[in-house]
Amino acid sequence: MEVLLARENGFCFGVKKAVELTEAAAESGRPVFNLGQVVHNPKISERLAARGVKVIQDPAEAASGIVVIRAHGVPPAVRASIEEQGLECIDATCSLVLRAQRFTKQLADEGYRVIILGTPVHPEVVGLVGFAGTDYVIVETKDQWEKLPKMKKAGVVSQSTQPPWAFKELVSHVSEIAQETKVFNTVCPVTVKRQHAASELAEQVNTIIVVGGKNSANTRELVNLAKMQGRNAYHIEHADELRSEWFRGEERVGLIGGCSTPMETLLEVKERAEKLAA
C-alpha cells in the first residue's frame, strides 16, 4: 500500500515561532510557564514538558519566572495581569492573530458592531473578544448568523482557522442586513493552503489519515473537508492509534497533518501505516 503525503505539511510559521520561543525560554534555567497549550498538539506539549515547561491557565499560578503567551493570543487584560505580577512576558502570538486583534480593535474604536466568526471557547476567539469592546457577537454556524438582527454598522472578522467559504457566506449575509459593512479577512492563508492540499489529496484516495491534536481547530477542519468529499477520514494524534482495518483493500491512502503537527510525527504515522498494511 502506498501512503501519499499531502503537498502541505509540517509546522506553519506561527507554530514554529511559538515553539522556538518557548524552547529558548526553557534554556534560561528560570521557571517557564505556557499560558495554556502553546499550540494544540500533544507531542509538542510532551516535548516542552520534558524541558520543564509547565502549563498554567491563569498568570496567578506563576509565582516567578517567564510566562509565554500562546500562539492563539490573549485578551489585553491577561497581558496586563502578567506584567502587573512582575513576571517576564514572552509574546508568542502568531503574527496573523496579532493582525486580527488590531483589526478587531479598529472596528470597535470606529463604532462598528463586531461580528466574529469562530468557536466561542477557542482561545483565539477569547483573545479577539478582548479587543472587540462591548458591542460584539460571535457566530459559528449559518443558523446563528441568519438570526442576526438588522444593524447600522457591522464589522466582520474571523478566527484564523475558520473555512474561507464560511467567512464568505457570513460577509454576504451581513452586507444584506447592515446599512454599512466593514470587513477584514483574517482567515489564515496558510490554513487555507493546507485545506486546499487536503481537498487535492481527497481526489486521489478513498481514505485519509489526519494527524493532529483533537482540540486543534484547523486539524478538525481537514477531517471535515475530507468527509465532505465523501472520503473515509480518521483523526489521530499518535501512530499507535492506527488500525489495520482502515487500510483493508486500499492500494493507497492519504496522509496530512494539522498546522501544529511536526513532520517527525507524520513520518512515524506513515511508517506504521505501511507496516500495518503489509
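# A tour by strands, rings and a cavity

Select E2 and R252: in β12, R252 is the bridge partner of E2. This is a predicted model.

**Stop 1: strand β12**

Extend the selection to strand β1, residues 2–5. β1 and β12 run parallel and are joined by 4 bridges. Now add strand β10, residues 207–211. β10 also runs parallel to β12, again with 4 bridges. To see one contact of that pairing, pick V211 and its bridge partner in β12, G257.

How many of the 6 residues of β12 are buried? The count is 5, so β12 is largely enclosed by the rest of the structure.

**Stop 2: strand β4**

Move to strand β4, residues 66–69. Show its side chains. In a regular strand, side chains alternate between the two faces of the sheet. Here I66 and V68 lie on one side, V67 and I69 on the other. Are these four buried or exposed? They are all buried, and both faces of β4 are covered.

Next, bring in the neighbours. Strand β2 (residues 32–35) runs parallel to β4, with 4 bridges between them. Select L35 in β2: its bridge partner in β4 is I69. Then select strand β5, residues 88–91. β5 pairs with β4 in the parallel sense, over 4 bridges. Here V68 has I90 of β5 as its bridge partner.

**Stop 3: the aromatic pairs**

Clear the strands and show aromatic rings. A pair of rings is described by the distance of the centres and the angle of the planes. Searching the whole structure gives 2 aromatic pairs.

Select F103 and F184. Their rings are stacked, 3.9 Å centre to centre, with 0° between the planes. What does this pair tie together? F103 sits in helix α4 (residues 95–109) and F184 in the loop between β9 (178–183) and α8 (189–202), so the contact links parts 81 residues apart in sequence. Both F103 and F184 are buried.

Now select Y234 and W246. This pair is stacked too, at 4.1 Å centre to centre and 5° between the planes. Y234 belongs to strand β11 (residues 232–236), while W246 lies in the loop between β11 and β12 (252–257), so this pair ties together parts 12 residues apart in sequence. Colour the two by accessibility. Y234 is partly exposed, with a relative accessible area of 25%. W246 has 16% and counts as buried, because the cut-off for buried is under 20%.

**Stop 4: a charge over a ring**

Select K153 and Y112. K153 lies over the face of Y112, at 4.4 Å from the ring centre.

**Stop 5: the cavity**

Switch on the surface display. Rolling a probe the size of a water molecule over the atoms shows where empty space is left. A search of the whole structure finds 1 cavity of 30 Å³ or more. The largest cavity has a volume of about 310 Å³.

Which residues are closest to the centre of this largest cavity? Select V15, H72, S160, T161 and N218, out of 23 residues that line it. Next, colour the lining by residue class. The lining divides into 12 nonpolar, 10 polar and 1 charged.

Finish with the helices around the cavity. α1 (13–26), α4, α8 and α9 (217–228) each supply at least two lining residues. The largest share, 3 residues, comes from α1.

Definitions and conventions
Residues are numbered from 1 along each chain as its sequence is written. This is a predicted model: local features need pLDDT of at least 70, side-chain atom pairs count only at pLDDT 80 or more; totals for chains, interfaces and linings use all residues. Side-chain values use heavy atoms; hydrogens and water are left out. Rings of Phe, Tyr and Trp (its six-membered ring) pair if their centres lie within 6.5 Å; planes under 30 degrees apart count as stacked, over 60 as edge-to-face and the rest as tilted. Buried means under 20% relative accessible area, exposed over 50%, partly exposed in between (1.4 Å probe, protein chains only). A charge sits over a ring if NZ of Lys or CZ of Arg is within 6 Å of the ring centre and within 35 degrees of the ring normal. On a 1 Å grid over the protein atoms alone, a cavity is a set of points where a 1.4 Å probe fits but cannot get out, and a pocket is an open set with protein on both sides within 12 Å along at least five of seven lines; lining residues have an atom within 4 Å of a point. Grid points are joined across faces, edges and corners, and a volume is the space filled by probe spheres set on the points. Ala, Val, Leu, Ile, Met, Phe, Trp, Tyr, Cys and Pro count as nonpolar, Asp, Glu, Lys and Arg as charged, and the others, Gly among them, as polar. Two strands pair if DSSP finds at least two bridges between them.
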